[in-house]
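Let's walk through this structure together, starting with how some of its helices meet and then moving out to a few single residues. Keep the 3D view open as you read.

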Amino acid sequence: VEQSFYPLPFLHFTGNMFSASCGYVKNLLPPSTFEEQMNNIAGDALLAQVEDIYTSKLARFNERILGSYQHSIEHWIGAHPDLKPCDIAPTSTDKLDGTILNQMQHYSWSSAPRRGSAPPGHLNGDGESKFRLRRKVALREYYYLAGNVFRWHTLYHKVPDANSWVWQWFPDGQLWETAARTGAYAVNELSNQLISEEA
C-alpha cells in the first residue's frame, strides 16, 4: 500500500515508499541479489531490442527504467508475480492541493491500478492509449507484458496466476497469459512469430 501505484514504465509505487505483508516480502529476492539479476536483465533487454524482439516505443531505455544498479531498489517491491497492488491517494489531482492534512482527508484505500498508466509527466496518456491499439507493436513493447513476463520468469521462474490483474490491464493479456505458461522462451517465440507476420 502506498499513495499511488503505476504499472508504467515499470510496476512501482511513487516515492518508492510502501507497506507490504511479511508473506509477500519473504518471497522477494534479497536486494543485493535482485540488483545483480536486474543488471543482467538490462543487458539482455538491450540485446533483445537490437534483435527486434522487444520494442521500447513508450520511453527510451535508461538505467532507472531498466532497474539496473542503484535503480533496482525502485523495482524491487513490485517485481514479484504475486503482486496485488493497492494505494490510497485520490485519483483526482485537484484534491492534492493544500496542506498534507487536507490531502489526507481525501485518501481512500482501493485496489490498483486506478489512475493513469504512469505518473504525470512520464508518458503522454492519449499517446499511450493510441499506442495500445497498434497491436503488433504493443504486443512486443518491453514496458507491457513482453518485458514483465521476461523479468518474472528470469527472477522468480513463474508468472502471475490466471486471475491476476495484469492479464486484464495490459494489452493482449489473455494471449500473453497462455503463452507465458509454457516458459521463458515463449516470450521470444511469440515475438518472433509477430515479426514474421509483419514481414
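Helix 8 passes helix 10 in a right-handed crossing. This is a predicted model, so the angles and distances that follow are computed from predicted coordinates. Helix 10 covers residues 173-180, and helix 8 packs against helix 10 at an angle of about 25°, with the two axes 11 Å apart. Because angles under 35 degrees count as roughly parallel, helix 8 is described as roughly parallel to helix 10. If you zoom in on the place where they meet, you will find L145, A146, V149 and H153 on the helix 8 side, and G173, W176 and A180 on the helix 10 side. Sorted by character, the residues of this contact are five nonpolar, two polar and no charged.

A general point helps in reading such lists. An α-helix has 3.6 residues a turn, so residues three or four places apart point the same way. Look again at the helix 8 side of the contact with that in mind, where A146, V149 and H153 are among the residues that meet helix 10.

Now turn to another partner of helix 8. Helix 2, residues 31-50, packs with helix 8, residues 145-156, at an angle of about 140°, and here the axes are 11 Å apart. That angle makes helix 2 oblique to helix 8. The crossing of helix 2 with helix 8 is right-handed. Helix 2 brings F34, Q37, M38, I41 and D44 to the contact, while helix 8 brings F150, R151, T154, L155 and Y156. Those contact residues divide into six nonpolar, two polar and two charged.

What about helix 8 itself? How many of its 12 residues are buried? The count is 11, so helix 8 is mostly covered, a residue being buried when its relative accessible area is under 20%. The buried residues include V149 and H153 from the contact with helix 10, and also F150, R151, L155 and Y156. The length of helix 8 fits expectation too: at 1.5 Å a residue its 12 residues should span 16 Å, and the end C-alpha atoms are 15 Å apart, which agrees. Just after helix 8 comes H157, which has a positive phi, near 55°.

Next, visit H75, which sits in helix 4, residues 72-76. H75 counts as buried because its relative accessibility is 5%. Setting aside neighbours within four places in sequence, H75 is in contact with F10, F34, M38, R64, I65, L66 and G67. You have met F34 and M38 already, as residues of helix 2 that contact helix 8.

V25 belongs to helix 1, residues 22-25, and is partly exposed, with 29% relative accessibility. Not counting residues up to four places away in sequence, V25 touches A20, W76 and I77. The C-alpha atoms of V25 and I77 are 7.7 Å apart, although 52 residues separate the two along the chain.

R134 lies in the loop between helix 6 and helix 7. Its relative accessible area of 45% makes R134 partly exposed. Between the C-alpha atoms of R134 and P171 the separation is 9.9 Å, and the two are 37 residues apart along the chain.

Finally, step back to the whole chain. The protein chain has 11 helices and four strands, and 47% of its 199 residues count as buried. Among its contacts with a separation of 6 or more, 68% involve residues 24 or more positions apart.

Conventions
Residues are numbered from 1 along each chain as its sequence is written. This is a predicted model: local features need pLDDT of at least 70, side-chain atom pairs count only at pLDDT 80 or more; totals for chains, interfaces and linings use all residues. Side-chain values use heavy atoms; hydrogens and water are left out. Helices (H or I, at least four residues) and strands (E, at least two) are DSSP runs, numbered from the N terminus. Buried means under 20% relative accessible area, exposed over 50%, partly exposed in between (1.4 Å probe, protein chains only). Axes are lines fitted to C-alpha atoms, for helices over the stretch in contact, and angles run from 0 to 180 degrees between N-to-C directions. Angles under 35 degrees count as roughly parallel, over 145 as roughly antiparallel, 65 to 115 as roughly perpendicular and the rest as oblique. A crossing is left-handed if the near helix is turned anticlockwise from the far one by less than a right angle, and right-handed if clockwise. Contact means heavy atoms within 4.5 Å. Ala, Val, Leu, Ile, Met, Phe, Trp, Tyr, Cys and Pro count as nonpolar, Asp, Glu, Lys and Arg as charged, and the others, Gly among them, as polar. The expected span of a helix is 1.5 Å times one less than its number of residues.
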